[in-house]
Amino acid sequence: AEATGGYVDLSKPSPDPQDHYFCGRGYEDAIDKCLTNCPSGSLNDCPDGEICFFNTPCDARMQTMAPAPPSPSFSPTTPAPVVYSSKLNKYFCGFDFADAQERCEVWCPSGSDDDCPDGQLCFAFSKCHAVDVNGQTLAQIEKAKEEAAANGGVVGPPPDPTPRPTGKPIISAEVAMHRYSYCG
């Protein structure tokens with residue numbers, strides 16, 4: 001096919017005769033389908049039961065198709081983006097409002113109690129902010145737990161933070177008992 005300035009003119013038939021060789025059970029079948037180009041002119045380019053026909057009105061350049069898009073998921077894989085100033089960033093789950101404020105654990109941007117763990121409700125206008133606390137929805141938390149379990153990781157809440165350094169050595173109760181106890 002001739003190109004002008006890097007573009008192929010698809011408004012005109014290809015001047016290359018091989019672009020017009022197509023397979024079919026008969027000539028009419030080949031021009032009705034324009035499905036399989038046989039540029040070598042050989043039967044070997046055609047599916048079983050079909051032969052290669054020359055000088056068809058079909059054009060191999062027209063067979064280029066965009067790849068099919070991926071199949072959509074059944075539900076969103078991530079929550080829709082929320083503007084930082086949105087009130088939805090302050091919707092969190094808890095057993096009551098005070099619990100939701102204290103935990104800042106499960107973000108429920110839909111405002112629905114269905115997005116909270118069993119027994120918890122979605123409370124609006126908490127002091128929590130989803131962006132500031134890296135808020136995750138229940139679905140995201142459960143997915144992370146499933147992935148951790150599949151990878152042999154520990155599932156559950158993170159361990160409690162270690163205490164702040166005191167500047168004094170900490171010894172076990174057993175060592176302290178032996179060190180500071182006396183008989184007699």
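Helices and strands are DSSP runs, numbered from the N terminus, and with that naming in hand we can place Asp 59 in the loop between E4 and strand E5, which covers residues 92-94. The model you are looking at is a predicted one, and Asp 59 offers a convenient place to enter it.

Is Asp 59 buried or exposed? Its relative accessible area is 10%, and because buried means under 20%, Asp 59 counts as buried. The side chain of this residue has polar partners: one of its polar atoms lies 3.0 Å from the backbone nitrogen of Ser 14, and a polar contact of 2.9 Å joins the side chain of Asp 59 to that of Arg 61. If residues up to four places away in sequence are left aside, Asp 59 touches Lys 12, Pro 13, Ser 14, Asp 19, His 20 and Phe 22.

From this one residue we can step back to the chain. The chain holds four helices and six strands, and, read from the N terminus on, its elements follow the order β-β-β-α-β-β-α-β-α-α. Of its 184 residues, 23% count as buried, while the accessible surface comes to about 13,900 Å², with 57% of that surface belonging to carbon and sulfur atoms. Among the contacts in the chain with a separation of 6 or more, 55% are between residues 24 or more positions apart.

Some of the buried residues are grouped into cores. Which residues make up the largest nonpolar core? This core has eight residues, namely Tyr 91, Cys 93, Val 106, Cys 108, Cys 116, Cys 122, Leu 138 and Ile 141. Taking Cys 116 as an example, and again not counting residues up to four places away in sequence, we find that Cys 116 touches Cys 93, Cys 108, Leu 121, Cys 122 and Leu 138. Apart from the largest core lies another one, of seven residues, and Phe 92, Ala 100, Cys 104 and Trp 107 are among them.

Aromatic rings give a second way to follow the chain, and a search of the whole structure finds four aromatic pairs. One of these is formed by Tyr 27 and Phe 53, whose rings are 6.0 Å apart from centre to centre, with 75° between the planes, in an edge-to-face arrangement. Tyr 27 lies in helix H1, residues 27-33, and Phe 53 lies in strand E4, residues 51-53, so the pair ties together parts that are 26 residues apart in sequence. The two partners can also be described by their accessibility: Tyr 27 is partly exposed at 34% relative accessibility, whereas Phe 53, with a relative accessible area of 17%, is buried.

Phe 97 and Phe 123 form a pair as well, and their ring centres are 6.1 Å apart with the planes at 75°, so this pair is edge-to-face. Here too distant parts of the chain are linked, with Phe 97 in helix H2, residues 97-103, and Phe 123 in strand E6, residues 121-123, 26 residues apart. Phe 97 is partly exposed, with a relative accessible area of 35%, whereas Phe 123 is buried at 18%.

Charged side chains come next, and a search of the whole structure finds five salt bridges. In one of them, Asp 29 is joined to Lys 33, with the closest N and O atoms 3.3 Å apart. These two residues are separated by about one helical turn, because they are four residues apart in helix H1. Asp 29 is partly exposed, with a relative accessible area of 23%, and Lys 33 counts as partly exposed at 34%. Lys 33 also forms a salt bridge with Glu 50, where the closest N and O atoms are 2.8 Å apart. That pair links distant parts of the chain, since Lys 33 is in helix H1 and Glu 50 is in the loop between H1 and E4, 17 residues apart. Glu 50 counts as buried, at 12% relative accessibility.

In helix H2, Asp 99 and Arg 103 are four residues apart and therefore separated by about one helical turn, and their side chains meet in a salt bridge of 2.8 Å, N to O. Asp 99 counts as buried at 16% relative accessibility, whereas Arg 103 counts as partly exposed at 33%. Elsewhere, salt bridges that share partners join Asp 29, Lys 33 and Glu 50 into one network.

Definitions and conventions: Residues numbered from 1 in each chain as written. Predicted model: local features only at pLDDT ≥ 70, side-chain atom pairs only at ≥ 80, totals over all residues. Heavy atoms only, no water. Core = buried A, V, L, I, M, F, W, Y, C linked by side-chain atoms within 4.5 Å. Buried < 20%, exposed > 50% of the residue type's maximum accessible area, 1.4 Å probe, protein only. Contact = heavy atoms within 4.5 Å. Phe/Tyr/Trp six-rings, centres within 6.5 Å; stacked < 30°, edge-to-face > 60°. Salt bridge = Lys/Arg side-chain N within 4 Å of Asp/Glu carboxyl O. Areas by Shrake-Rupley, 256 points an atom, 1.4 Å probe, with all protein chains shown as cover. Polar contact = N/O pair within 3.5 Å; in protein donor to acceptor, adjacent residues only side chain to side chain.
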